[in-house]
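Visitor: I am new to this structure and would like to look closely at a single part of it. Please choose one residue, and set it in its wider surroundings as you go.

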Amino acid sequence: MKFKYILSIIALTAISKSGFAQYSQDAIRYSTFQTGTTSRIKGIGNAGTAIGGDLSSVSGNPAGLGFFTKSELSITPEFDGSKVNATYLGQSNTASKNSLNLNNAAIVFYSRLNTPTGQDKTKGWLSLNYGIGYSRTNDYGENIYAAGKNNSSSITDYYANLANSNGITDGSLQSWAYNQNLIDQYGVTNPTYKSNAYTGATQLNSISRTGGESEVNLSLGANHSNKLYIGVALGLTTLAYNSTNNFTESGVASVLENNVAVDRNYISTYSQFQNTKGSGVNIKLGVIYKVVDAVRIGAVITTPTYYSIDDSYSEGLQTSYSGGAIYSNGPNNYPLSYTFRTPFKAAGGLAIFIKQFGFITGDVEYVNYSTTHIDNADGYDSSYDNSNIKTLYQAAINAHIGAEARLTGNVFLRGGFGVQGSPLKQNGTSTQTVSGGFGYHLGSYYLDLAYNYVTGSQTLTPYSAGSLTPTANLNKTYNNAFLTLGYRY
């Protein structure tokens with residue numbers, strides 16, 4: 001299954017770094033990656049913990065490498081189709097994004113161990129196999145388009161709240177809003193910053209995201225007496241996340257011209273840009289045990305991934321008025337380098353094989369997102385974000401089930417279902433995946449196809465305005481197709 005984690009959270013996307021940071025949300029985003037797999041495993045709902053003998057074992061449960069009795073290689077390109085339907089202020093809009101990627105490529109080298117003369121060649125340590133693989137473990141690519149008429153609040157209310165909380169400081173978002181006549185100070189005894197805009201503004205939030213996470217694994221798997229299989233893998237991870245977020249508002253504002261209040265039409269755009277790159281490392285330890293020939297149980301633990309991140313965030317504000325005045329500030333850049341660790345993961349699975357017919361399998365995975373931790377942030381105090389992580393996030397259970405049926409000697413049919421639990425303590429929704437596929441094997445060559453249909457939701461808040469804060473309900477669907485070409489030798 002292609003993992004598209006859909007963050008269901010009231011996320012303040014219009015947060016100025018001069019207000020407070022959002023690195024806790026980034027850390028959770030980067031912690032939701034999933035094992036990269038071949039089309040065969042994707043077709044059975046990504047339930048591969050107890051299967052073994054598939055090249056997905058290189059990046060999944062390395063104990064599965066012990067099942068190989070030949071060397072093997074494969075490559076899996078993918079097609080990703082994203083569609084986001086946004087309902088904002090009673091108006092619906094849809095945005096889509098399509099892309100082609102390399103999802104998985106792996107090779108396993110079979111190495112039989114020498115058995116002393118006279119010893120049973122089915123007992124003891126029989127093989128030690130080596131694997132190298134690349135897998136794409138997360139994809140951030142999507143477009144979001146939310147628009148509507150707001151008769152309750154304006155983003156200028158958010159700027160005014162920032163000014164009242166933090167004051168007007170040079171280079172801050174609220175100072176830009178003040179200089180661009182979007183907010184002003186009212187009152188004499190207890191002066192308060194307020195919006196200059198009338199309610200009834202038209203708002204448009206346009207977001208474009210690209211990037212993803214990938215992992216290169218160096219794996220070992222051993223076979224003991226065709227009964228016990230153990231493995232270890234070193235994962236070298238990379239991530240790239242790019243986001244462009246433009247919030248445009250048009251309406252009427254009362255501005256001072258020569259000390260006289262005049263109503264002017266305005267168009268104002270608050271822009272945010274984020275470019276993040278990082279690399280990390282983790283270790284996987286796995287085991288598969290044959291209870292009987294037809295029943296396998298498996299388990300794999302993945303240590304936290306220790307990431308080193310270079311983040312570049314910038315923001316700018318531009319406003320034009322019908323009287324001809326045009327104002328522009330920024331973009332101001334806020335670079336930050338930091339480290340963080342993702343949660344520890346543990347998964348267990350069961351597979352039941354029916355001779356000559358196929359198998360059914362399922363697994364569950366435990367991930368405690370509240371243990372995500374940010375550190376070494378170049379002088380930036382990460383305690384706020386770490387407190388947010390512990391307060392807002394929780395442990396989640398991911399479950400997968402699937403089956404493979406042999407239709408003829410070399411044709412296979414597959415299907416599966418998966419549920420990814422939400423990391424949120426409140427208002428979280430799960431992500432569901434329905435999958436299917438088939439395989440065709442001809443001698444040393446094979447071809448596998450898989451299709452994943454992923455659904456989930458997100459609540460997006462473009463800015464904060466107290467009880468008048470608007471939200472966009474995002475319903476997301478992903479249509480992902482995978483093709484694996486493999487060869488045994």
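**Valine 364 and its surroundings**

Guide: In the chain, which has 489 residues, 51% are buried, a word that here stands for under 20% relative accessible area, with exposed meaning over 50% and partly exposed the range in between, for a 1.4 Å probe and with protein chains only. This is a predicted model, in which local features need pLDDT of at least 70 and side-chain atom pairs count only at pLDDT 80 or more, while totals for chains, interfaces and linings use all residues. Residues are numbered from 1 along each chain as its sequence is written, and side-chain values use heavy atoms, without hydrogens or water.

The C-alpha trace of the chain spans about 105 × 45 × 30 Å along its principal axes, and the chain holds five helices and 21 strands, which are DSSP runs numbered from the N terminus (helices H or I, at least four residues; strands E, at least two). Valine 364 belongs to strand 15, and valine 364 counts as partly exposed because its relative accessibility is 46%.

Beyond its neighbours within four places in sequence, valine 364 is in contact with Ala346, Ala347, Gly348, Asn398 and Ala399, where contact means heavy atoms within 4.5 Å. Across the chain, of the contacts between residues at least 6 apart in sequence, 72% join residues at least 24 apart. For a sense of distance, alanine 163 lies 201 residues from valine 364 in sequence and 48 Å from valine 364 in space, C-alpha to C-alpha.
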